[in-house]
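Let's take a walk through this fold. Have the viewer open and follow along as we go.

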Amino acid sequence: MAQAIFNSKTFTDDLGRVVQASRAGRAIRACLLTTRDRENAIAMIRKTAAACEASLYHFTVAGRQRYNFVEHRWEPVGGNQMDSPSLLRAAQELKGSGVVIFEDCVPFLQDQRGDQRMRMTLAQMLSSETSREGLVLVFIEGPEA
């Protein structure tokens with residue numbers, strides 16, 4: 001069920017619970033975050049991932065990165081993926097628990113004008129039981145998306 005969240009404390013608490021539930025259930029979970037303040041949203045997700053001791057990734061069609069909490073910077077990982085379903089598959093192949101931020105992918109999930117492969121890949125990821133330690137997919141988009 002969709003829930004509107006209006007303050008950063010509530011957001012970080014709720015996201016932390018999703019990360020913990022994903023680990024406990026050894027499952028993949030997805031969240032949609034609509035915001036006009038992308039930098040603040042990423043900072044809150046980074047803070048939550050650090051508190052949960054979860055790896056943090058940032059995937060876009062332009063490239064993939066992993067956050068290095070020791071050096072406080074993003075580092076490139078893997079090759080560039082040019083289509084959204086490949087980004088989801090790359091996230092599915094990550095080892096250990098973690099949080100993956102996706103940007104500019106929500107339009108591909110729409111019923112009209114979307115990408116059926118993207119919707120099918122995400123549905124398969126969310127519905128299957130995994131042997132992983134838990135993974136949370138956070139889709140960040142502007143309110144217009």
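What follows starts with the sheet, moves on to the helices, and ends with a few backbone oddities.

One thing up front: this is a predicted model. Begin with the sheet, which is open and built from six strands in the order E1-E6-E5-E2-E3-E4, with mixed pairing. The edges belong to strand E1 (28-34) and strand E4 (73-76); each has a single partner strand, so one side of each is left without a neighbour in the sheet. On average, neighbouring strands here are turned by 25° against each other, if you ignore direction.

Now zoom in on two of those pairings. Strand E5 (residues 98-103) and strand E6 (residues 135-141) run parallel and are linked by six bridges. If you want an anchor point, look for Gly 98, whose bridge partner in E6 is Leu 135. Helix H1 (residues 8-25) packs on the sheet too, touching E1, E5 and E6, and its direction makes about 145° with that of E6. For an antiparallel example, go to strand E3 (residues 63-68), which is joined to E4 by four bridges. There, Asn 68 has Arg 73 of E4 as its bridge partner.

Back to H1 for a closer look. This helix has 18 residues and spans 25 Å from its first C-alpha to its last, close to the 26 Å expected at 1.5 Å a residue. Which residues of H1 are buried? They are Phe 11, Thr 12, Asp 14, Leu 15, Gly 16, Val 19 and Ser 22. The cover over those buried residues includes E1, helix H2 (38-51), E5 and E6.

That brings us to H2, where the first-to-last C-alpha distance is 20 Å over 14 residues, close to the 20 Å expected at 1.5 Å a residue. The buried residues of H2 are Ala 41, Ile 42, Met 44, Ile 45, Thr 48 and Ala 49. Why do they end up on the same side of H2? Because they cover an arc of only 160° around the axis. Flip to the face turned away from that buried side and you'll find the exposed residues Glu 39, Lys 47 and Ala 51. As for what covers the buried residues of H2, the list includes H1, E1, strand E2 (55-60), E4, E5 and E6.

There's also a buried threonine to check out further along the chain. Thr 121 is found in helix H5 (residues 116-127). With a relative accessible area of 14%, Thr 121 counts as buried, because the cut-off for that is under 20%. Leave aside its neighbours within four places in sequence, and Thr 121 is in contact with Pro 85, Leu 88 and Arg 89.

Finally, the backbone oddities. Arg 26 isn't a glycine, yet has a positive phi of about 50°. You'll find Arg 26 in the loop between H1 and E1, and this arginine is partly exposed, with a relative accessible area of 39%. Glu 53, which follows H2, also has a positive phi, near 55°. His 72 is another non-glycine with a positive phi, of about 55°. His 72 belongs to the hairpin of E3 and E4, which has four residues between the strands. Is His 72 buried or exposed? His 72 is exposed, with a relative accessible area of 60%.

Notes:
Residues numbered from 1 in each chain as written. Predicted model: local features only at pLDDT ≥ 70, side-chain atom pairs only at ≥ 80, totals over all residues. Heavy atoms only, no water. Pairing = 2+ DSSP bridges. Helix = DSSP H or I, 4+ residues; strand = E, 2+ residues; numbered from the N terminus. Axes fitted to C-alpha atoms, helices over the stretch in contact; angles between N-to-C directions. Contact = heavy atoms within 4.5 Å. Expected span 1.5 Å × (residues − 1). Buried < 20%, exposed > 50% of the residue type's maximum accessible area, 1.4 Å probe, protein only. Arc of directions from axis to C-beta.
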